[in-house]
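Open the structure in your viewer and keep the selection tool ready. The tour goes from the whole chain to single parts.

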Amino acid sequence: MHERSSVGDLVSSLRGELNRYSPGGKLPSSRALVERFRVSPVTVSRALAQLSAEGLVVTRPGAGAFRAVPRETGPAVGDTSWQEVALSADATTELVPRTVDASGVLVSLAAPPPGVIEFNGGYLHPSLQPERAMAAALSRAGRRPGAWGRPPTEGLPELREWFARGIGGAVTAAEVLITAGGQSALTTALRALAPPGAPVLVESPTYPGMLAIARAAGLRPVPVPVDRDGVKPALLADAFRATGARVFVCQPLFQNPTGAVLAPKRRGEVLRIAREAGAFVVEDDFVRRLVHEDAGPLPGPLASDDPDGVVVHVCSLTKATSPSFRVGALAARGPVLERLRAIQVVDTFFVPRPLQEAALELVGSPAWPRHLRAVSAELRARRDAMTAALRLRLPGLPLPHVPAGGYQLWVRLPDGTDEQALLAAALRAGVAVAPGRPYFSAEPPAAHLRLSFAAVAGAAEIAEGVRRLRTACVETGVAAAS
């Protein structure tokens with residue numbers, strides 16, 4: 001953290017001094033800046049790179065850094081109004097409009113304003129990420145022979161084998177494709193399995209990013225309700241019969257947002273119902289590595305119990321590492337595998353080899369199991385801290401299910417709550433929360449909030465965030481605040 005702060009300080013200092021130099025004038029040498037500001041050569045290099053990216057400085061190898069010559073005139077302002085006609089005209093011939101609403105995804109990706117507690121994050125806080133282990137893995141990977149060459153389009157054989165072992169059952173490395181994270185894998189799967197205009201069955205509520213993928217592909221998400229034991233098989237069978245759908249997307253383990261785990265007696269039913277409908281089950285196994293230490297033995301992936309190629313399995317390393325460590329896997333058997341492979345190679349060619357090599361280095365190092373154990377313990381502690389704080393300060397907000405894995409609690413709000421008004425009040429109070437509405441593909445049964453405990457600094461910040469949320473509840477008249 002000190003190095004990052006030093007870079008920012010140096011950038012600010014140099015930016016303030018640029019007017020001392022005429023356009024094209026040479027700045028002091030890197031050595032002089034190191035001595036003057038008492039920083040490392042790496043800090044100077046990063047600061048100059050940032051100023052260069054801002055267009056304020058030009059660096060010339062072997063010559064040094066120079067103040068950039070400002071442009072005499074700005075670019076002409078064009079007229080883009082024609083695009084309204086072009087984009088809307090396309091929609092008139094589409095069975096299902098492919099307009100993309102990314103708001104539900106951006107809620108968990110956008111950084112909150114300074115001082116705002118992040119209860120809406122979808123990734124581990126930097127203090128929980130294995131930064132040193134990832135840096136060491138990337139450094140070792142970069143030195144491997146051939147590390148910067150072109151990888152096989154399906155992915156490195158050793159990495160495919162590692163994912164196959166993790167999925168279990170009869171899944172082999174030959175049935176695994178390496179992807180650029182889970183979102184990319186879901187996109188490939190839905191494009192491969194359903195044509196534009198087709199229905200796709202989804203859990204209700206479910207992950208907004210998947211709903212956005214489906215709609216962008218011109219698919220029609222059809223909701224199937226879930227309870228604390230996962231999707232309801234009878235309703236799933238009814239939905240297949242009513243719609244003729246050939247795809248069902250689910251998260252059987254620590255479902256997002258409810259935290260539900262598909263009950264053992266329902267697992268076989270879901271596979272049987274899909275098989276009888278001639279349909280695929282897309283299994284998004286996104287947080288298996290974020291299990292809490294009190295969870296007990298986990299059920300295996302649905303793919304491990306599927307000999308008939310019903311399940312297309314998606315998993316990723318991203319949630320357990322860093323949002324920028326985008327390495328995942330798609331697993332399938334039968335003719336569908338070739339279709340998945342063809343779509344992926346057309347879309348992305350392949351996942352960069354250095355990142356795949358780094359993934360192999362990371363999961364093969366002693367630091368990897370240590371990291372997973374530490375995260376398991378910390379997520380349990382944070383879950384318990386948030387649960388206790390909610391029960392103390394907001395006892396009127398029911399917690400129907402406290403999961404033993406994942407990174408969030410799903411809270412139903414009192415009937416009549418204005419979800420958007422509460423969100424705005426929470427932000428004014430200094431806490432960002434995720435609204436429930438984007439998690440439903442149809443009309444929601446009630447207002448909800450998703451509260452993440454992974455993206456915050458720790459238990460003290462959780463307690464303060466819940467206190468601020470109570471302030472927002474009082475302001476908006478939510479009954480639970482009384």
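Start with the whole protein chain, coloured by secondary structure: 16 helices and 15 strands. Helices (H or I, at least four residues) and strands (E, at least two) are DSSP runs, numbered from the N terminus. The radius of gyration of the chain is 25 Å, close to the 23 Å that the globule rule gives for 482 residues, so the chain is as compact as a globular protein of that length. That radius is taken over C-alpha atoms, and the globule rule is 2.2 Å times the number of residues to the power 0.38.

This is a predicted model, in which local features need pLDDT of at least 70, side-chain atom pairs count only at pLDDT 80 or more, and totals for chains, interfaces and linings use all residues. Residues are numbered from 1 along each chain as its sequence is written, and side-chain values use heavy atoms, with hydrogens and water left out.

Stay with the whole chain and show the C-alpha trace, which spans about 75 × 60 × 55 Å along its principal axes. Of the 482 residues, 51% count as buried. Buried means under 20% relative accessible area, exposed over 50%, and partly exposed in between (1.4 Å probe, protein chains only).

Next, select helix α7, residues 157-167. Which of its residues are buried? They are Leu159, Arg160, Trp162, Phe163, Ala164 and Ile167. These buried residues pack against β4, β10, β11, α13 (353-363) and α14 (367-393); contact means heavy atoms within 4.5 Å. Just after α7, Gly168 takes a positive phi of about 85 degrees.

Now select Phe240, in helix α10 (residues 233-243). Phe240 is buried, with a relative accessible area of 5%. Leaving out residues up to four places away in sequence, Phe240 touches Leu201, Ala245, Val247, Phe248, Ile273, Ala274, Ala277 and Ala279. Add Leu253 to the selection: its C-alpha atom is separated from that of Phe240 by 22 Å, and the two residues are 13 apart along the chain.

Last, select helix α12, residues 336-348. At 1.5 Å a residue, its 13 residues should span 18 Å, and its end C-alpha atoms are 18 Å apart, which agrees. The expected span is 1.5 Å times one less than the number of residues. In α12, the buried residues are Val336, Leu337, Leu340, Arg341, Ile343 and Gln344. They pack against β4 (176-179), α8 (182-193), β9 (280-284), β10 (311-316) and β11 (328-331). Phe349 follows α12, with a positive phi near 65 degrees.
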